[in-house]
Every structure is written in structure tokens, then in C-alpha cells.
Amino acid sequence: ALGLAIKECMERLPRQPRKALLARVRDGCLPDREIAASLRMKANTFLQNIVRARRLLAHCLERRGVRLGESMT
């Protein structure tokens, strides 16, 4: 059930934040600047999209009854 909630909430994210978050998950071992460049984003824009994606994902999951720790919100 948790995996399905995460998948559905990820799909609901706006395009750019979703793209940034998926790239971070996929390429997390790379520096943020490299991930941003691969997405043709400035590093600051990439980081703003990550913050936005995390916030929206956390709110979506909470609405579905998933309790998150302090570090996500």
C-alpha cells in the first residue's frame, strides 16, 4: 500500500519537480550540479525543484494517511 501511495503521489507532482526528484533518486551519487546540468537546469533551480517536490510529496502522502517523520516536512 505504501509503494502504491508513493507512486501515485509522485505521478501527481508537477513536471519539473518530478523530473528533478526522479533524477536525484536515480543519480543521487552524483553532485547536484551534474544532475542539474543533465536536466538542463541551473543548480539553484534544480534545488528549488527538489524542495518543492519533497514538500508536495509529503503533503500528498499525509493526505493518504502516511505519517512522516520530521525530516520530510
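# Briefing: a four-helix predicted model

The 16 positive and 7 negative charges of the protein have mean positions 6 Å apart. The model is predicted. The protein holds 4 helices and 0 strands. Read from the N terminus, the order of elements is α-α-α-α.

**Overall dimensions**

- The C-alpha trace spans about 35 × 20 × 20 Å along the principal axes of the protein.
- The radius of gyration is 13 Å, which agrees with the value near 11 Å for a compact globule of 73 residues.

**Surface and burial**

- The protein has an accessible surface of about 5200 Å².
- Carbon and sulfur atoms account for 53% of that surface.
- Of the 73 residues in the protein, 32% are buried.

**Contacts along the chain**

- Take the contacts between residues at least 6 apart in sequence: 49% of them join residues at least 24 apart.
- H59 and C9 give one long-range pair to look at, with their positions 50 residues apart along the chain.
- The C-alpha atoms of H59 and C9 are separated by 9.1 Å.

**The nonpolar core**

- The largest nonpolar core has 18 residues.
- Within this core, L21, L39, M41, F46, L57 and L61 have the most contacts.
- Helices α1 (2-12), α2 (15-26), α3 (32-38) and α4 each supply at least two of the core residues.
- Helix α4 gives the largest share, with 6 residues.
- In soluble globular proteins, nonpolar side chains tend to be buried together.

**F46, a core residue**

- F46 is among the residues with the most contacts inside the core.
- Beyond its neighbours within four places in sequence, F46 is in contact with A20, R24, D32, I35, A36, L39 and M41.
- Two of these partners, L39 and M41, are also on the list of core residues with the most contacts.

**N49 and H59 in helix α4**

- N49 sits in helix α4, which covers residues 43-63.
- N49 counts as buried because its relative accessibility is 9%, under the 20% cut-off.
- Setting aside residues up to four places away in sequence, N49 touches Q16, P17, A20 and M41.
- A20 and M41 appear in the contacts of N49 and also in those of F46.
- H59 lies in helix α4 as well.
- H59 has 40% relative accessibility, so it counts as partly exposed.

How values were computed. Residues are numbered from 1 along each chain as its sequence is written. This is a predicted model: local features need pLDDT of at least 70, side-chain atom pairs count only at pLDDT 80 or more; totals for chains, interfaces and linings use all residues. Side-chain values use heavy atoms; hydrogens and water are left out. The radius of gyration is taken over C-alpha atoms; the globule rule is 2.2 Å times the number of residues to the power 0.38. Buried means under 20% relative accessible area, exposed over 50%, partly exposed in between (1.4 Å probe, protein chains only). Contact means heavy atoms within 4.5 Å. Accessible areas come from the Shrake-Rupley method with a 1.4 Å probe; for residues, only the protein chains shown count as cover. Lys and Arg count as positive and Asp and Glu as negative; His and the chain ends are not counted. The place of a charge is taken as NZ of Lys, CZ of Arg, CG of Asp or CD of Glu. A nonpolar core is a set of buried Ala, Val, Leu, Ile, Met, Phe, Trp, Tyr and Cys residues joined through side-chain atoms within 4.5 Å.
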